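Reader: I should like to learn how a structure of this kind is read. Could you guide me through it, feature by feature?

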Amino acid sequence: MAAPRHLLLRLWGLGTLGMVLSIATGAYWWEKQLPQQLQSAINASDYEACIRTSEQLAALRWLGDGAPEEQALCRQKHAAQLWEEGHTIAALALQQQLIASGHGDLDIHRQTLDRWQQSLKDQAVALFREGELQKALDLLDPLKGHARSSVSQLSATLMEIWNRNQLEQLRLVQLVEQERWWEALDSLNKLDHPWWQQEARATRQQVENAIQALDAAQEHQQHPAVHADVISGDALDAAVQDQLRQGLDPWTAFSTGCSHLGGRVEEDGPESFCRRTSPSP
C-alpha cells in the first residue's frame with residue numbers, strides 16, 4: 001500500500017535535515033582540527049601550509065573571524081623566508097598583502113617593506129655602475145607603482161645617464177678617427193659613468209699622448225715672422241704628425257718632418273725651428 005504523501009514529505013525533510021547536520025558536524029570537527037594543524041605548520045616552519053590552514057580556518061569559522069593573527073604571522077614568516085632565499089618579488093608581494101590585511105604590527109611591517117625596497121634600489125644602482133643596465137632595470141621593475149613614483153624616476157634617470165654616455169662614446173670614436181685631439185679630450189671628460197669611463201681608458205691614454213706629442217713638437221718651432229726662411233705652419237704640422245703616426249718620438253718626428261720639407265733643425269736659445277737649407281730669394 002502506498003505511503004501517504006505527507007508522510008513521504010516528512011521522511012524527506014528528516015533525511016535532508018540529517019544530511020545538513022552530518023555536514024555541519026563534519027565541518028565542526030574539521031574546524032577543531034585546524035588550529036592544531038596550524039600550530040604544527042608554524043612549529044615546522046612550513047609557512048605555506050600555515051597560510052593555507054589559516055585560510056581554511058577563516059572559511060569554516062561561523063562568526064567569520066577567521067584566524068587573522070595566525071595568518072598575519074604566517075605571512076610575515078613566509079615573506080622573510082622568501083626574501084632570504086632570494087625570491088624577492090614573491091617576498092615583496094606577500095609583505096604588501098600583510099600590510100593590506102591590517103593585522104600584526106603594521107609599523108614594523110612597513111619598515112621591513114621599505115628596507116627591502118631600498119635594498120633592491122641599492123643593488124640596482126650597483127649593477128648599473130658595473131655596466132649591467134638591463135639587470136638593474138629588471139630589478140627595479142617589480143617596485144614600480146605608477147609613472148611618477150620614485151622607482152620609475154630612478155629607472156628613467158639610469159637610462160638617461162646610460163644613453164648619454166653611449167652617445168658621447170660614439171662621438172669620441174669619430175673625433176679620434178679624425179685626429180681632433182682636443183675635442184676628443186673634451187668628449188672624454190663628459191663621460192660620467194664609471195663603466196663607460198673604464199671602457200674609454202685606452203682611448204684617453206691615446207688622446208693624451210697625442211696632445212703631449214703635438215705640444216712637444218710645437219715647442220721646437222719658431223715664428224715665421226722672425227726669419228723669412230723658417231718652415232712652419234700647417235705644412236710643418238702635417239709633416240710632424242705624419243711622423244708621429246709612424247711611432248717616432250716628438251723630437252725625431254720634428255727633425256724628420258723638417259728634413260722632408262727641405263729644411264734642417266736649428267736651435268735659437270731655448271727654442272728650435274726648421275730652416276730651409278737654401279735661403280729664400
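The dialogue below moves from the whole protein to pairs of helices and then to single residues.

Author: Please keep in mind from the outset that this is a predicted model.

Reader: Where does one begin, and how many helices and strands does the protein have?

Author: One begins with the secondary structure. Here the protein has twelve helices and three strands.

Reader: What share of the residues counts as buried?

Author: Burial is judged from the relative accessible area, with under 20% as the cut-off. Of the 281 residues in this protein, 35% fall into the buried class. The accessible surface as a whole amounts to about 17,500 Å², and carbon and sulfur atoms supply 53% of that area.

Reader: What part of the contacts joins residues 24 or more positions apart?

Author: Such pairs make up 47% of the contacts in the protein, when those with a separation of 6 or more are considered.

Reader: How should I read a pair of helices, and at what angle do the axes of α11 and α12 cross?

Author: One looks at the approach of the axes, then at their angle, and then at the residues that meet. Helix α11 covers residues 233-245 and helix α12 covers residues 250-260; their axes come within 8 Å and cross at roughly 130 degrees. Because of that angle, α11 is oblique to α12. The crossing of these two helices is right-handed. On the α11 side, the contact is made by Leu236, Ala239, Val240, Gln243 and Leu244. On the α12 side, Pro250, Ala253, Phe254, Thr256, Gly257, Cys258 and His260 take part. By class, the residues of this contact are eight nonpolar and four polar, with no charged residue.

Reader: How do α5 and α6 run relative to each other, roughly parallel or roughly antiparallel?

Author: The axes of α5 (residues 106-129) and α6 (residues 133-140) come within 7 Å and cross at roughly 170 degrees. An angle over 145 degrees counts as roughly antiparallel, so α5 is roughly antiparallel to α6. Leu120, Lys121, Gln123, Ala124, Leu127 and Phe128 of α5 meet Leu133, Lys135, Ala136, Leu139 and Leu140 of α6. This contact has eight nonpolar residues, one polar residue and two charged residues.

Reader: Let us turn to single residues. Is Trp83 buried or exposed?

Author: For a single residue, one asks where it lies, how accessible it is and what surrounds it. Trp83 is part of helix α3, residues 68-84. Its relative accessibility is 16%, and Trp83 therefore counts as buried. Leaving aside residues up to four places away in sequence, Trp83 touches Thr88, Ala91, Trp116, Ser119 and Leu120. One of these, Leu120, also belongs to the α5 side of the contact with α6. Trp83 and Gln95 are twelve residues apart in sequence, with 10.0 Å between their C-alpha atoms.

Reader: Which residue of helix α10 illustrates the same reading, and how far is its C-alpha atom from that of Trp181?

Author: Ala210 is found in helix α10, residues 201-218. Ala210 is buried because its relative accessible area is 14%. The C-alpha atoms of Ala210 and Trp181 are separated by 7.0 Å, although the two residues are 29 residues apart along the chain.

Reader: What is the phi of Glu179, and where is this residue found?

Author: Backbone angles can draw attention to a residue. Glu179 has a positive phi of about 60 degrees, although it is not a glycine. Glu179 sits in the loop between α7 (150-177) and α8 (181-189). With a relative accessibility of 27%, Glu179 counts as partly exposed.

Reader: In which strand does Arg276 have its place?

Author: Arg276 belongs to strand β3, residues 271-276. Arg276 counts as partly exposed, at 32% relative accessibility. Arg276 and Val230 are 46 residues apart in sequence, yet 6.3 Å apart in space from C-alpha to C-alpha.

Notes
Residues are numbered from 1 along each chain as its sequence is written. This is a predicted model: local features need pLDDT of at least 70, side-chain atom pairs count only at pLDDT 80 or more; totals for chains, interfaces and linings use all residues. Side-chain values use heavy atoms; hydrogens and water are left out. Helices (H or I, at least four residues) and strands (E, at least two) are DSSP runs, numbered from the N terminus. Buried means under 20% relative accessible area, exposed over 50%, partly exposed in between (1.4 Å probe, protein chains only). Contact means heavy atoms within 4.5 Å. Accessible areas come from the Shrake-Rupley method with a 1.4 Å probe; for residues, only the protein chains shown count as cover. Axes are lines fitted to C-alpha atoms, for helices over the stretch in contact, and angles run from 0 to 180 degrees between N-to-C directions. Angles under 35 degrees count as roughly parallel, over 145 as roughly antiparallel, 65 to 115 as roughly perpendicular and the rest as oblique. A crossing is left-handed if the near helix is turned anticlockwise from the far one by less than a right angle, and right-handed if clockwise. Ala, Val, Leu, Ile, Met, Phe, Trp, Tyr, Cys and Pro count as nonpolar, Asp, Glu, Lys and Arg as charged, and the others, Gly among them, as polar.
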